[in-house]
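Colleague: Thanks for sitting down with me over this one. Could you show me the chain, and then take my questions in turn?

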Amino acid sequence: MSGIVGGPGSKSGVIGETEIAYEEGAFTPTSTVSTSAVWGHYVKVGKVVHIWARWTFDASGGASLSGLPFTSSTIANNVSVMINKNVNWGTSVTTCTGYIGASSTTYNPLMSGDNVDWQNDFTVASGSEVILQLTYNTV
């Protein structure tokens, strides 16, 4: 298939005879732990969603990061970058990544490190902040 995809600044285009869907907007991320502030923005091109989100927590506990704007595909896959402040990582944990399960709107952080198996215990304290950039496929 070949063709031109819109012009500069175009929000949609045509490749051959197939229109490419484009959408962007705001969403409200949620969590199992109380938050004092959240924000989220997304860009969806076809079935691929790019999100930027932030959670600021005002309580402590094991947190899930949820409320993503679209349900993931039936195959768990994504690419993410997560940074955080004041999050309790276990002993020897040096790496944090995560995944979205199949048909889900929840991001599951995973931590690992030297001689440490993958852990999904993501404990936050009041004042903790998490910023996430994520790309995933939708149905």
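## The end of the chain and beyond

Modeller: Happy to, and let me begin at Val139, which is found in the segment after S13. Please keep in mind that this is a predicted model.

Colleague: Is Val139 buried or exposed?

Modeller: The relative accessible area of Val139 is 65%. Residues over 50% fall in one class, so Val139 is exposed.

Colleague: Which residue, 67 residues apart from Val139 along the chain, has its C-alpha atom 6.2 Å away?

Modeller: Setting aside neighbours within four places in sequence, the contacts of Val139 include Lys47, Thr71 and Thr74. Ser73 is also in contact with Val139. The C-alpha separation of 6.2 Å is with Ser72.

Colleague: Let's step back to the whole fold. What pattern does the protein chain follow along the sequence?

Modeller: The protein chain has zero helices and 13 strands. Read along the sequence, the pattern is therefore written with strands alone: β-β-β-β-β-β-β-β-β-β-β-β-β.

Colleague: Among contacts between residues at least 6 apart in sequence, what percentage join residues at least 24 apart?

Modeller: One example of a link across the sequence is the pair Arg54 and Glu129, 75 residues apart. Over the protein chain, the share of such contacts that join residues at least 24 apart is 58%.

Colleague: Now the interior. Which residues have the most contacts inside the largest nonpolar core?

Modeller: In soluble globular proteins, nonpolar side chains tend to be buried together. Here, 35% of the 139 residues count as buried, and the largest nonpolar core has 24 residues. Strands S6 (48-57), S9 (78-88), S10 (93-100), S11 (106-113) and S13 (123-137) each give two or more residues to this core. The residues with the most contacts inside the core are Ile51 and Phe122.

Colleague: Which residues is Ile51 in contact with, leaving aside its neighbours within four places in sequence?

Modeller: Several contacts of Ile51 carry numbers inside S13 (123-137); they include Leu132, Gln133 and Leu134. Phe27 and His41 are also among them. The full list is Phe27, His41, Tyr42, Leu68, Pro69, Leu132, Gln133, Leu134 and Tyr136.

Colleague: In what sense do S6 and S13 pair?

Modeller: Nine bridges join S6 and S13. Among the facing residues, Val49 stands opposite Tyr136 in S13. The sense of the pairing is antiparallel.

Colleague: What is the bridge partner of Gly62 in S13?

Modeller: Strand S7, residues 61-62, runs antiparallel to S13 and is joined to S13 by two bridges. The partner of Gly62 is Thr123.

Colleague: Which side chains meet in a salt bridge at 1.8 Å, N to O?

Modeller: The structure holds one salt bridge, linking strand S6 to strand S13. One partner has a relative accessible area of 26% and so is partly exposed. The other, at 14%, is buried. They are Arg54 and Glu129.

Colleague: How many bridges join S5 to S6?

Modeller: S5 also pairs with S3, residues 22-26, antiparallel over five bridges, with Ala26 facing His41. On the S6 side, Thr35 has Phe57 as its bridge partner, and the hairpin has two residues between the strands. S5 and S6 run antiparallel, and the number of bridges is ten.

Colleague: Which residue in the hairpin of S5 and S6 takes a positive phi near 60°?

Modeller: Elsewhere, Ser103, in the loop between S10 and S11, has a positive phi near 50° in a residue other than glycine. That Ser103 is partly exposed, at 45% relative accessibility. In the hairpin of S5 and S6, the residue is Gly46.

Colleague: Last one: are the rings of Tyr42 and Phe70 stacked or edge-to-face?

Modeller: The structure holds one aromatic pair. The ring centres are 5.2 Å apart and the planes stand at 85°. Tyr42 lies in strand S5 and Phe70 in the loop between S8 (65-66) and S9, so the pair ties together parts 28 residues apart in sequence. Tyr42 is buried at 8%, Phe70 is buried at 18%, and the planes are over 60 degrees apart, so the pair is edge-to-face.

Conventions
Residues numbered from 1 in each chain as written. Predicted model: local features only at pLDDT ≥ 70, side-chain atom pairs only at ≥ 80, totals over all residues. Heavy atoms only, no water. Helix = DSSP H or I, 4+ residues; strand = E, 2+ residues; numbered from the N terminus. Buried < 20%, exposed > 50% of the residue type's maximum accessible area, 1.4 Å probe, protein only. Contact = heavy atoms within 4.5 Å. Core = buried A, V, L, I, M, F, W, Y, C linked by side-chain atoms within 4.5 Å. Pairing = 2+ DSSP bridges. Salt bridge = Lys/Arg side-chain N within 4 Å of Asp/Glu carboxyl O. Phe/Tyr/Trp six-rings, centres within 6.5 Å; stacked < 30°, edge-to-face > 60°.
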